[in-house]
Amino acid sequence: MNRRSGKDSKEKILDAALKVFSEYGYKGASIRMIANNAQISIGGLYLYFRNKEDLYMTLMKKRFKYLVDMIREAIQDINDPVEAITTFIKVHLEYVKSHKELIITHGREHGFTFGIEMKRKFFEEQRSILEHIIHKGIDSGSFDQCNAQETARIIIGTIRGFFLSIVVDPDNLFSPEECSKFILSGLLRRGQKNGIINN
């Protein structure tokens with residue numbers, strides 16, 4: 001087996017695992033179901049993953065990395081800090097909504113402490129991106145003076161609340177647009193709020 005076909009097979013298994021875990025949950029999914037979905041033998045699957053837990057953790061790491069990369073790509077060419085904050089929130093919340101089945105099963109079966117180090121690293125990266133945007137907004141005169149580190153923590157806490165709501169109260173989710181307006185109403189300098197917040 002060459003390196004490329006090995007990588008392709010691993011990706012195929014992870015794609016199948018995402019579908020099966022989303023539909024049946026961790027407990028309801030089996031290695032056989034995932035192998036069948038990936039159209040690979042069970043023995044072939046074990047060439048890449050030690051067991052179901054190893055496969056699940058690899059999938060979670062991949063999804064977190066994918067979201068971080070997607071956010072970085074979405075904001076990399078945006079110079080306006082207002083647009084960057086709005087895009088950051090929108091991409092985050094839309095991603096959560098589009099993968100809610102996996103998040104629901106993960107939250108209900110494993111609780112929020114499962115894979116805690118991986119999650120801490122993910123939110124640390126997110127805070128770092130936000131702090132950079134907030135400092136840029138302060139330096140450009142768009143945002144009021146504030147503690148960028150604390151403000152980033154508050155925004156991440158709000159987004160984390162959206163994750164929690166997907167699991168425990170999915171009928172009462174807030175919209176990315178209203179979330180952005182609320183956060184920007186605390187960040188924008190006086191005189192810049194009207195045109196943006198009232199849109």
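The legends below describe several close-up views of a predicted model.

**Figure 1. The whole chain in this predicted model is built from helices.**
The chain holds 10 helices and zero strands, and its pattern, followed along the sequence, reads α-α-α-α-α-α-α-α-α-α. Taken along the principal axes, the C-alpha atoms fill a box of roughly 65 × 40 × 30 Å. Of the 199 residues in the chain, 43% are buried. When contacts between residues at least 6 apart in sequence are considered, 68% of them join residues at least 24 apart.

**Figure 2. Phe 21 and Tyr 26 form a stacked aromatic pair.**
A search of the whole structure finds eight aromatic pairs, and this view shows one of them, in which the ring centres of Phe 21 and Tyr 26 lie 5.8 Å apart while their planes meet at 15°, so the pair counts as stacked. The angle decides the label here, because planes under 30 degrees apart count as stacked. Phe 21 is buried, and its relative accessible area is 0%; Tyr 26, at 17% relative accessibility, also counts as buried, because the word applies to residues under 20%. Tyr 26 has a charged neighbour as well, since Lys 52 lies over the face of its ring, at 4.5 Å from the ring centre.

**Figure 3. Phe 123 and Phe 163 meet edge-to-face.**
The rings of Phe 123 and Phe 163 have centres 6.4 Å apart and planes at 80°, so this pair is edge-to-face. The pair links distant parts of the chain, with Phe 123 in helix α7 (residues 116–140) and Phe 163 in helix α8 (residues 148–168), 40 residues apart. Both partners are buried by the computed values, Phe 123 at 10% relative accessibility and Phe 163 at 14%. Ring pairs also link these two residues with Phe 64 and Phe 122 into a cluster. The charged end of Arg 160 sits over the ring of Phe 123, 4.8 Å from the centre of that ring.

**Figure 4. The largest pocket has a lining to which several helices contribute.**
The space in the largest pocket comes to about 380 Å³. Its lining consists of 16 residues, and those closest to the pocket centre are Phe 64, Ile 103, His 106, Lys 119 and Phe 163. Two of these names, Phe 64 and Phe 163, also belong to the aromatic cluster of the previous view. Helices α4 (52–75), α6 (100–110), α7 and α8 each supply at least two residues of the lining, and α4 gives the most, with four residues. By residue type, the lining divides into 11 nonpolar, two polar and three charged residues.

**Figure 5. The second largest pocket is lined by residues that include six charged ones.**
This second largest pocket has a volume of about 190 Å³. Its lining is made up of Lys 61, Phe 64, Lys 65, Val 68, Asp 69, Arg 72, Met 118, Lys 121, Phe 122 and Glu 125. The elements that give two or more residues to this lining are α4 and α7, and the largest share, six residues, comes from α4. By residue type, the lining divides into four nonpolar, no polar and six charged residues. Phe 64 and Phe 122, which are among the lining residues, are also members of the cluster that ring pairs build with Phe 123 and Phe 163.

**Figure 6. Thr 151 is a buried residue of helix α8.**
Thr 151 is found in helix α8, and its relative accessible area of 15% places it among the buried residues. When residues up to four places away in sequence are not counted, Thr 151 touches Ile 134, Cys 146 and Leu 187.

**Figure 7. Asn 79 is an exposed residue in a loop.**
Asn 79 lies in the loop between α4 and α5 (81–98), and at 61% relative accessibility it counts as exposed, because that word is used for residues over 50%. The C-alpha atom of Asn 79 is separated by 41 Å from that of Tyr 26, and the two residues are 53 residues apart along the chain. Tyr 26 is the residue whose ring stacks with that of Phe 21 in the second view.

Terms used
Residues numbered from 1 in each chain as written. Predicted model: local features only at pLDDT ≥ 70, side-chain atom pairs only at ≥ 80, totals over all residues. Heavy atoms only, no water. Phe/Tyr/Trp six-rings, centres within 6.5 Å; stacked < 30°, edge-to-face > 60°. Buried < 20%, exposed > 50% of the residue type's maximum accessible area, 1.4 Å probe, protein only. Lys NZ or Arg CZ within 6 Å of the ring centre and 35° of its normal. 1 Å grid on protein atoms, 1.4 Å probe; cavity = no way out; pocket = protein on both sides within 12 Å on 5 of 7 lines; lining within 4 Å. Points joined across faces, edges and corners; volume = space filled by probe spheres on them. Nonpolar A, V, L, I, M, F, W, Y, C, P; charged D, E, K, R; others polar. Contact = heavy atoms within 4.5 Å.
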